[in-house]
Number of protein chains: 2
Amino acid sequence: MKPIEDSTLGILGLGLMGGALAMALRNRTVLGPRGRLLAHDIDPGTLEAARAEGLIDGGFPSPGEMLGRCDVVFLCLNPSTLLRFMAEHMALFRPGALITDIAGIKGNIAAAMERDLREDLDFIPGHPMAGSEKGGFAQAGSCNFQGKNYILTPLKRNKPENLEFLKDLICRMGFGRITCTTAEEHDRKIAFTSQLCHVIAAALIDCESDRAITRFGGGSFEDLTRIAMLNAPMWTELFLENRRELLDRIKQFEGSLDKLKNFIAAGAREELLETLGAVRERRAAMG
Amino acid sequence: MKPIEDSTLGILGLGLMGGALAMALRNRTVLGPRGRLLAHDIDPGTLEAARAEGLIDGGFPSPGEMLGRCDVVFLCLNPSTLLRFMAEHMALFRPGALITDIAGIKGNIAAAMERDLREDLDFIPGHPMAGSEKGGFAQAGSCNFQGKNYILTPLKRNKPENLEFLKDLICRMGFGRITCTTAEEHDRKIAFTSQLCHVIAAALIDCESDRAITRFGGGSFEDLTRIAMLNAPMWTELFLENRRELLDRIKQFEGSLDKLKNFIAAGAREELLETLGAVRERRAAMG
């Protein structure tokens, strides 16, 4: 493996996250004079804009041209598109390339790559925990990676030196904490911290029809519904792909909500005081 | 009524919100050389600190001494304490004083004041929509009023000139939007934008025992549970005082959550896409 600064890095898909990763790789002078940052996107206008801004060194309307040049590739695609892309374009990657992705669920991707990946390639599934409710390349600047979490779910076959290389690259982009875990654990935790939260935000908006409700907002409503501005196709896919874990989490949440509702209905002051006090302590302990 | 700049303003209770109001009244040069900002608090240390900082012109350990001097009084107490205080100390207010409060529910306070207030006094119930999950005078600086909402629920007996005076004062503190409505409407809307959101945040923490869950946080979980750091006695009181409206809102929310859960369980892709798309549009329209 070359040193990071001399590598040719490729971003496949210059949407919100692909664009944000490109900015982090470019702005932080990750690359030296011999390093290159390339991108492929189906929209020629996006490639042109990224090139005009000096964000990328080369934009390729066909994936093959880019993939043949890259030591490292970030696949910035929705999960289903990603699996289709890998099945169709596996032959185009440069021999020995390191590949990673950014998808919000990992179980199906990890299983497919463990099973089907070309022998010489190394695929390390990843999930940068730093999105934005905005979408598209034009909004890429709204993602802030500084100090954020990044999850990796390495495969048994991953080469240790590639894992170290990727971790180093992630640190250089400004992320604050890398957690390595299994795809199963990732999907279980993310069902709670991300998907359940999006379901709740959507339900909150679904049950209120007053368009002027924000006159009565004091921060809580705004905080809880920022993420209701969701990308419907992507979140539909994430909810359904992680259905089993997400349904478990919804049921657990419903249990706690029901408990609080019953305390309120019964006027159970002591039980409420105790539960809310315990919640405050537990949240504080979570840091 | 004197002009605002020549008035003597009093804050009763220098906690988080009382302290934040004092800061807004002081920093914005609301008062001229003849105006005064006074405060009462049961904690002498807080009064001393506020005086040492130059935040208040006088700190009074006994409420009577302060109330006799004030043209305008902000009652910064929990709802139940407020009603007890008014019942016990009604005689101490200066003749003709304008009184307002900051409590998060208004129905019971409005009813009590409509019924029991001394004839010469004017009580305009209010609710500054700008708290913080932090508590106490030392954290008062964490409340930001700039551009925020302020709800007033005027009583039939309120004098128009006093209402105008209070609105002017609220604007000068930096609030961005004042909404005048009934106590009933306030309590119905706040049950949704504030209390339901706090119940949801508490339920989210109640159903997760992993203290290291924040390693998997990417913003959504943090946004939805910031307010789980709640002041248990105050929120217990707010939940129970507004029980009927809050239970209605919890049930509406449960209905929407159940709908989404069933779509996910059934793999109903089209219904999910449509609902999430409508949610995004509706949230955007709420501004």
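Biologist: What share of the 287 residues of chain A counts as buried?

Modeller: That would be 51%. Buried means that 20 or more other C-beta atoms, placed from the backbone, lie within 10 Å of a residue's own (12 or fewer is exposed, in between is partly exposed). Bear in mind that this is a predicted model: local features need pLDDT of at least 70, side-chain atom pairs count only at pLDDT 80 or more, and totals for chains, interfaces and linings use all residues. As for labels, residues are numbered from 1 along each chain as its sequence is written, while chains are lettered from A and ligands numbered from 1 in the order in which they are written.

Biologist: Buried or exposed, what is L238(B), and how do you know?

Modeller: Count its neighbours: there are 23 C-beta atoms inside 10 Å, so L238(B) goes down as buried. L238(B) sits in helix α9 (residues 232-241) of chain B. Helices here are DSSP runs of H or I with at least four residues, strands are runs of E with at least two, and both are numbered from the N terminus.

Biologist: Which residues does L238(B) touch, leaving out those up to four places away in sequence?

Modeller: G104(B), I105(B) and Q195(B). A contact is called when the C-beta atoms of two residues lie within 7 Å. Q195(B) is 43 residues from L238(B) in sequence, yet their C-alpha atoms are 7.6 Å apart.

Biologist: How many helices and strands has chain A?

Modeller: 11 helices and nine strands. Its C-alpha atoms fill a box of roughly 70 × 40 × 30 Å along the principal axes.

Biologist: Why are the two copies said to be related as by a two-fold rotation axis?

Modeller: Chain A lands on chain B after a rotation of 180 degrees, with 0.0 Å of shift along the axis and an RMSD of 0.0 Å. That is how a two-fold rotation axis would relate the two copies, hence the name. The fit is by least squares on C-alpha atoms of residues with pLDDT of at least 70 in both copies. Both copies also use the same surface, as 99% of the contact residues of chain A recur in chain B.

Biologist: How many residues does each chain bring to the contact?

Modeller: Chain A brings 76 and chain B brings 75. On the side of chain A, α7(A) gives the most, with 14 residues.

Biologist: What makes α11(A) roughly perpendicular to α7(B)?

Modeller: Helix α11 (residues 269-285) of chain A and helix α7 (residues 183-206) of chain B pack at about 65 degrees, their axes 9 Å apart. Since 65 to 115 degrees is roughly perpendicular (under 35 is roughly parallel, over 145 roughly antiparallel, the rest oblique), α11(A) counts as roughly perpendicular to α7(B). Axes are lines fitted to C-alpha atoms, for helices over the stretch in contact, and angles run from 0 to 180 degrees between N-to-C directions. Among the residues in this contact are L276(A), V279(A) and I205(B).

Biologist: Then why is α11(A) called oblique to α9(B)?

Modeller: Here the angle is about 135 degrees, again with axes 9 Å apart. That value is in none of the named ranges, so α11(A) is oblique to α9(B).

Biologist: What kinds of residues make up the contact of α11(A) with α9(B)?

Modeller: Eight nonpolar, two polar and two charged. Nonpolar covers Ala, Val, Leu, Ile, Met, Phe, Trp, Tyr, Cys and Pro, charged covers Asp, Glu, Lys and Arg, and the others, Gly among them, are polar.
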